[in-house]
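Thanks for coming. Let's take a quick look at one model and go straight to the details.

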Amino acid sequence: MASKILYNGDRNVAGKWIPELNRAIAAKGVDAEIVTTSTEPEAIKYIVHSPRGDVSDFSPFTGLVAVFGLWAGVEEIVGNPTLKVPLSKMVDSSLTEGMVEYVVAHVLRIHLGTDFHVLNQDGVWRRDQTLPPFLARQRTVLILGLGALGTACLKALSILNFQVSGWSRTPKTIDGASTYSGADGLDRALARADFVVLLLPSTADTRNVLDSRRFALMKKGASIINPGRGTLIEDAALLDSLDNGRLASATLDVFWEEPLPPSHRYWSHPKVTVTPHIASETRPETASLSIAENVRRAESGEELLHLVDRIRGY
């Protein structure tokens with residue numbers, strides 16, 4: 001009998017996901033059926049899940065073996081008390097590529113100062129000849145979070161000749177990069193960085209990891225880029241640091257409240273660039289391959305990939 005897999009994601013894009021999931025699972029030689037409703041929850045063996053799906057209570061799914069996340073972040077499900085089975089997060093090559101492109105683009109945008117010229121197309125020939133601009137090798141980019149996304153961004157920026165450093169909760173070694181760990185390590189890394197890119201998960205330990213104390217430690221004129229999670233930044237402290245000149249700019253893709261309210265000061269602040277949570281998307285054609293491999297592993301009794309540590313929260 002075919003194993004039943006429930007697609008519990010955004011119904012508006014189900015038409016894109018279902019064919020790709022079917023194709024990827026068939027290519028793995030797994031006998032499985034994708035369904036979009038749970039009229040017989042006890043028959044569901046696996047759930048492909050995003051927070052935009054209809055199901056949030058997993059207790060009726062008595063035959064459930066595993067849940068496969070469609071998003072890299074799992075903060076909206078990891079603490080769900082009804083989820084008793086293994087949970088895997090999405091690690092996908094296209095998701096990583098998209099994040100690398102976003103981070104590199106915005107680091108270069110700020111590094112080269114292109115906004116000034118793009119926004120001043122008024123016939124005035126503006127050229128500061130007092131000093132040559134910085135080269136990439138003269139600037140340090142710090143990546144907070146050295147998972148798949150953070151490591152890939154760090155390596156891409158290194159190729160462009162930026163000095164690169166990274167911070168993670170536990171010690172890691174990456175060729176060509178300075179790496180830090182622990183609270184003291186974070187303080188030291190922040191003090192040396194011209195750009196700080198946040199790619200940490202949202203957990204109790206990372207909430208407001210950049211607060212007023214840590215903003216005060218940062219190099220004067222540094223810039224923040226946050227395509228990770230909105231909960232990583234204390235908003236009031238960031239605005240204060242921009243207002244008092246400690247920080248030069250902030251590029252923000254994620255927020256405590258989404259969509260970002262029209263009245264929020266980020267929209268009007270001259271040193272803030274807002275993007276609407278578009279840094280990187282999960283693409284069905286490649287993400288389905290990741291899910292299909294985990295279905296195959298589960299059916300074969302093998303260890304699942306990208307399992308979430310429920311205690312650590314990611």
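Start with Gly-301, which comes right after helix H9. Its phi is positive, near 75 degrees. Keep in mind that this is a predicted model.

Now step back into the helix. H9 runs over residues 284-300. It has 17 residues and reaches 24 Å from its first C-alpha to its last. That is close to the 24 Å expected at 1.5 Å a residue.

Which residues of H9 are buried? From the start of the helix, they are Pro-284, Thr-286, Ala-287 and Ser-288. Then come Ser-290, Ile-291, Ala-292, Glu-293, Asn-294 and Val-295, and finally Arg-297. Note that Glu-293 and Arg-297 are on that list.

What do these buried residues pack against? The partners are strands E1 (3-8), E3 (44-49), E4 and E5 (87-88), plus helices H1 (14-27) and H2 (93-112).

H9 also brings us to the empty space. The count is two cavities of 30 Å³ or more. Take the second largest. It holds about 40 Å³ of space. Its lining is Phe-68, Gly-69, Ser-88, Lys-89, Met-90, Ser-290, Ile-291 and Asn-294. H9 gives the largest share, three residues. Strand E4 (66-69) also supplies at least two. By class, that lining has three nonpolar residues, four polar and one charged.

The largest cavity has a volume of about 60 Å³. Around it sit His-49, Ser-50 and Pro-51, then Gly-69, Leu-70 and Trp-71. Gly-73, Val-74, Ile-77 and Leu-87 are in the lining too. Here the split is six nonpolar and four polar, with no charged residues. Gly-69 appears in this lining and also in that of the second largest cavity.

Last topic: aromatics. There are three aromatic pairs in the structure. Why does the pair of Tyr-46 and Phe-68 count as stacked? The ring centres are 5.7 Å apart and the planes lie at 25 degrees, so the pair is stacked. This pair links distant parts of the chain, with Tyr-46 in strand E3 and Phe-68 in strand E4, 22 residues apart. Both Tyr-46 and Phe-68 are buried. Phe-68 is also one of the residues lining the second largest cavity.

Another pair, Phe-162 with Phe-195, is edge-to-face. Centre to centre it is 6.4 Å, with 85 degrees between the planes. Phe-162 is in the loop between helix H4 (148-159) and strand E7 (163-168). Phe-195 is in strand E9, 33 residues apart from Phe-162. Phe-162 and Phe-195 are both buried.

Terms used
Residues numbered from 1 in each chain as written. Predicted model: local features only at pLDDT ≥ 70, side-chain atom pairs only at ≥ 80, totals over all residues. Heavy atoms only, no water. 1 Å grid on protein atoms, 1.4 Å probe; cavity = no way out; pocket = protein on both sides within 12 Å on 5 of 7 lines; lining within 4 Å. Points joined across faces, edges and corners; volume = space filled by probe spheres on them. Nonpolar A, V, L, I, M, F, W, Y, C, P; charged D, E, K, R; others polar. Helix = DSSP H or I, 4+ residues; strand = E, 2+ residues; numbered from the N terminus. Expected span 1.5 Å × (residues − 1). Buried < 20%, exposed > 50% of the residue type's maximum accessible area, 1.4 Å probe, protein only. Contact = heavy atoms within 4.5 Å. Phe/Tyr/Trp six-rings, centres within 6.5 Å; stacked < 30°, edge-to-face > 60°.
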